[in-house]
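I opened this model to look up how its strands pair, how one helix packs and where its salt bridges lie. My entries follow.

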Amino acid sequence: MFDYLMKNFPSNKYLAGISNVFIMLLPISLLSSFSLLASNGAELFELSSISRDLHLTSTLISQLFPVLLVVFFSQYLASLHKQPIIAIITSSILVYFIVCLQWGEGEGTAAIPINFPFAILLPILVSSCYQYFKLWSFFKDSHLPSVVERSINLVISVSTISIFIVAVSYVLKYVVFDNLQLEFEMPTLDPMSLFDGIVYELSRGLFWSIGINGHVVLSSYKSELFAVTEESLALIELGKGTMPILTSNFYDFYTGMGGAGNSLSLVLCVLIFAKNKGYKNLAQAAFLLSIFNINEPILYGLPIMFNPIMIVPFLIAPIAGLIIAYFATLWGIVPPIMGVISWMTPPIIGGYLGTNGAISASILQGVILLVGMAIYYPFFMRMDKLSIGRTALDSLTERFFSSEKIDTTKAIGSYIPHLTKNMAAQKEVEHLHKTGDFILYYQPQYNVKQNKIVSLEALIRHRSYSGKITPPTFIQSFSELGLLAELDFWVLEKAIMTASLYADDPNFKISINVSPETVLVPTFLPTLSRLITTSNLKFSQLELEITEELLIKDEEKTKEILTQLRSLGVKIALDDFGSGYSSIAYLSRFDFDKVKIDRSLLLNIDTLRGQKLFRLSVELGLITGADIVVEGVETPSEVEFVQSLGVECIQGFFFYRPMPIEDIIDLGLVTCVKSDVA
């Protein structure tokens, strides 16, 4: 079960998105926490006015958190489903406030409704409604100006969705719950019972794990506990009675060190054992706040909220601390907590002060911290090993490519562990976006026997606004950011659209490289099929170039996909033959229509051994019945040698360099069926 959760959490688009959004909102949590810490510091120095202002600042920032959660999660879902971002955000915000007020969430001292489950559920509901009802284009292909058309579509779609969801909420609230008198009541807990104390701590952790403040929901129990504590202290002053074990501060000092879930144990575990630098950086940022029992940074940053893995130790660790402290107090190993001290008192110090100077209480807190670390350790280390998720860049990819064919099944998850590693790649991609556009160049494959172009290979380039062309060195950065499938789908769409201009020539082919990540995307086959069927191109005019890397990744799945592609008529070429370790073995297990011999084998044909190896590579390719293409031919002697082996198709600088499609048209290398080229 544990392994199942670890493997499937990253691939769940919604859980990964929630995790990512919490990371993006981490600065809000840090600002609120530091403001609260500063407020308490000012109070210690009797700076009441400053303390009050800082406390108000902390409160307002924390109230802003769920609203920003709605905004960012709505944006994520809109990008995920290729929906209008502004419509999803506007609808979600509007519905959030109305529904929260409808259910009484806006009452009390909070200026803004605070409800994390609503903040997460409503964007999902809004996005699902848009997806199901397909509301966006009411005036598509109208004669209205585009700005007016978008505005009308926005108003109608937002109004429709908002009215629908609010109506459903109204029925649930006033018809179902009120008429049927359905109420959820918290069970009465005995403040003196260990079992009830465990129920309280478990319930509090469960509420926190889904974004609900457990202290607020269970405030009646804590208030009763506080009253019992005050009453017991009053009786002790009169020389009557004894102090109960379970007091208000008992939970603060033994089950809430570092915040709910004994989070300080987790922070220490991360600091000491994490191999991932990103996790260590997070723990270092959260450590100071954890000392003062503020755990929002680790709660949102790791995250713990909505993380089915870390919720388990988050629930177990405080209960273990509760049981250990209870029996240590019951057996007289430590004295009971006396008095009422601020919940922000740091661990170790809190135990000492709370027991009127008992060193044993501080030692007990240290033992509980160690036990908590032992509980968190296996869960966190597995998470650290797998490095859940990639990077929160869905919004970034939308700025580059708007294709609906993008792989949305790729894990995203928390980017904190990969932030340092991916920073350079992210900067390069951002720089490319700001300084120019991505374009396609095409390099002809030339048949020396027929003296004509038989295929064009599509190659991505970047063209700066000053006209500078950058070769595809940036592909590695896209791969680092998990955006390679995005890139490939964009190239496929643009190349097929361009190739449609030459579809009247039955001998013409367009050749496109696809990465292993793209071929194994579940939507790859239906997307490719749709792109071709909606173009003028025939399946037989498309040639996909794959590398040995794909065959290594998942041989069984790859074989199934390649078989389906070839059954449609798509040609498959093995690219870079001779550059890998297992190319010969794959020739015997897979059917290829074309084998492209890598230029690296050409570099040694000035020696007898090099010539024999090259000749052998050609013969191996011919044995399979595949056509042979030699890549990277640049000199007359190389052309002469390749021709002497009976190879007809050559690709290289000797004949043609990669060039824009306009230059290919101007040179008359292919015949265009249209006069304009998009």
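Entry 1, strand pairing. I count two strands as paired if DSSP finds at least two bridges between them. The model is predicted, and I read every entry with that in mind. I looked up strand 8 (residues 627-631) and found that 4 of its 5 residues are buried. On one side of my search was strand 9 (residues 649-651), which pairs with strand 8 in the parallel sense over 3 bridges. Within that pairing, Val 629 has Cys 649 of strand 9 as its bridge partner. I then followed the chain from strand 8 through helix 28 (residues 636-644) to strand 9 and noted a right-handed β-α-β crossover.

Strand 8 also runs parallel to strand 7 (residues 594-597), to which 4 bridges join it. Here Lys 594 stands opposite Asp 627 of strand 8. The connection from strand 7 to strand 8 passes through helix 27 (residues 608-623), and this β-α-β crossover is right-handed.

Entry 2, helix 23. Which residues of helix 23 (residues 524-533) are buried? I listed Phe 524, Leu 525, Thr 527, Leu 528, Leu 531 and Ile 532. Viewed down the helix axis, the buried residues fall within an arc of 165°, so they line one face of helix 23. Pro 526 and Thr 533 are exposed on the other side. I recorded the packing partners of the buried residues as helix 21 (484-499), helix 22 (516-519), strand 5 (542-546) and helix 25 (555-568).

Entry 3, salt bridges. I obtained a count of 9 salt bridges. One of them joins the side chains of Lys 449 and Glu 648, at 3.7 Å from N to O. Lys 449 lies in the loop between strand 1 (436-447) and strand 2 (452-464), and Glu 648 in the loop between helix 28 and strand 9, so the pair ties together parts 199 residues apart in sequence. Lys 449 is exposed, at 62% relative accessible area, whereas Glu 648 is partly exposed, at 31%.

Entry 4, Lys 596. I found a salt bridge between Glu 457 and Lys 596, with the closest N and O atoms 3.0 Å apart. Glu 457 is in strand 2 and Lys 596 in strand 7, 139 residues apart. Both residues of this pair, Glu 457 and Lys 596, are buried. Lys 596 also forms a salt bridge with Glu 545, the closest N and O atoms being 2.7 Å apart. Since Glu 545 lies in strand 5 and Lys 596 in strand 7, this pair ties together parts 51 residues apart in sequence. Glu 545 counts as buried because its relative accessibility is 1%, and Lys 596 because its value is 0%. I closed by noting that Glu 457, Glu 545, Lys 596 and Glu 631 are linked in a network of salt bridges.

Notes:
Residues numbered from 1 in each chain as written. Predicted model: local features only at pLDDT ≥ 70, side-chain atom pairs only at ≥ 80, totals over all residues. Heavy atoms only, no water. Buried < 20%, exposed > 50% of the residue type's maximum accessible area, 1.4 Å probe, protein only. Right-handed = clockwise from strand over helix to strand, strands pointing away. Arc of directions from axis to C-beta. Contact = heavy atoms within 4.5 Å.
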